[in-house]
Amino acid sequence: VRAIYTVPHTKILGFGADYHYPEHVETQLSLARQNIAGALSKHVETGWLSDRDALEIAQDWLYNTPNQVFKLGFADIG
């Protein structure tokens, strides 16, 4: 949650690590998505973020920033 306040959201990779077993990736991604959604939704509920801002942050953390950092070449979302 503190990352929302302190780090540019274009500098955060919301998910990723080296996993010994590839089948663990799906579970870890699911946990990351749940944690990010929970943190962002708390800020939307308190009025600190709009729905649109929260969606943009999630898109950057989980798609746009990794796409740019790893030079994947996909079109950015949003």
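**Exercise 1. The salt bridge**

Take the side chains of Glu56 and Arg52, which meet in a salt bridge: work out what the N to O distance is, and where the two residues lie.

*Solution.* A word before we start: the model you're looking at is predicted.

Step 1. Look at the two side chains. The N to O distance between Glu56 and Arg52 is 3.3 Å. The cut-off for a salt bridge is 4 Å, so this pair makes the grade.

Step 2. Place the pair. Both Glu56 and Arg52 sit in helix α3, which covers residues 51-69. They're 4 residues apart, or about one turn of the helix.

Step 3. Check how open each one is. Arg52 is exposed, at 63% relative accessible area. Glu56 has 32% and is partly exposed.

Step 4. Go hunting for others. Searching the whole structure turns up 1 salt bridge.

**Exercise 2. Glu56, Gln59 and the chain end**

Find how far the C-alpha atom of Glu56 is from that of Gly78, and list what Gln59 touches beyond four places in sequence.

*Solution.*

Step 1. Start from Glu56 again, in helix α3. Its C-alpha atom and that of Gly78 are separated by 7.0 Å, with their positions 22 residues apart along the chain.

Step 2. Move along to Gln59, also found in helix α3. Leaving out residues up to four places away in sequence, Gln59 touches Asn64, Ile77 and Gly78.

Step 3. Is Gln59 buried or exposed? The relative accessible area of Gln59 is 19%. Buried means under 20%, so Gln59 counts as buried.

**Exercise 3. A look inside at Leu40**

Decide whether Leu40 is buried or exposed, then name its contacts beyond four places in sequence.

*Solution.*

Step 1. Locate the residue: Leu40 belongs to helix α2.

Step 2. Read off the accessibility. Leu40 has 4%. That is under the 20% cut-off, so Leu40 is buried.

Step 3. Collect the contacts. Setting aside neighbours within four places in sequence, Leu40 is in contact with Ile4, Leu49, Ala54, Ile57 and Ala58.

Step 4. Add a C-alpha distance. Leu40 and Asp53 are 13 residues apart along the chain, and their C-alpha atoms are 9.2 Å from each other.

**Exercise 4. The nonpolar patch**

Say which residues make the nonpolar surface patch, and follow Leu13 and Val69 to their places in the chain.

*Solution.*

Step 1. Name the members. Leu13, Val69, Phe70, Leu72 and Phe74 together make a patch of about 510 Å².

Step 2. Track down Leu13. You'll find it in the loop between α1 (2-6) and α2 (24-45). Leu13 has a relative accessibility of 38%, which makes it partly exposed.

Step 3. Do likewise for Val69. This residue lies in helix α3. Val69 is partly exposed too, at 47% relative accessibility.

Step 4. Try a long jump in sequence. Val69 and Tyr5 are 64 residues apart in sequence, and their C-alpha atoms are 21 Å apart in space.

**Exercise 5. Two exposed residues**

Work out where Asp18 and Lys71 are placed, and what phi is for Lys71.

*Solution.*

Step 1. Asp18 is in the loop between α1 and α2. With 80% relative accessible area, Asp18 is exposed.

Step 2. Compare positions in space: the C-alpha atoms of Asp18 and Ile4 are 24 Å from each other, while the two residues are 14 apart along the chain.

Step 3. Now Lys71, in the segment after α3. Lys71 is exposed, at 71% relative accessible area.

Step 4. Check the backbone. Phi of Lys71 is near 50 degrees, which is a positive value in a residue other than glycine.

**Exercise 6. The whole chain**

Describe the protein chain by its elements, its box and its surface.

*Solution.*

Step 1. Count the elements. The chain has 3 helices and 0 strands, running α-α-α from the N terminus on.

Step 2. Box it up. Along the principal axes, the C-alpha atoms fill roughly 40 × 25 × 20 Å.

Step 3. Go from outside to inside. The accessible surface is about 5,900 Å², and carbon and sulfur atoms hold 55% of it. Of the 78 residues, 22% count as buried.

Step 4. Consider contacts between residues at least 6 apart in sequence: 49% of them join residues at least 24 apart.

Step 5. Finish with charge. There are 6 positive and 9 negative charges, and their mean positions are 7 Å apart.

Definitions and conventions. Residues numbered from 1 in each chain as written. Predicted model: local features only at pLDDT ≥ 70, side-chain atom pairs only at ≥ 80, totals over all residues. Heavy atoms only, no water. Buried < 20%, exposed > 50% of the residue type's maximum accessible area, 1.4 Å probe, protein only. Patch = residues over 30% accessible without salt bridge, like charges linked within 9 Å, V, L, I, M, F, W, Y side chains within 5 Å. Areas by Shrake-Rupley, 256 points an atom, 1.4 Å probe, with all protein chains shown as cover. Contact = heavy atoms within 4.5 Å. Lys, Arg positive; Asp, Glu negative; His and termini not counted. Charge placed at Lys NZ, Arg CZ, Asp CG, Glu CD.
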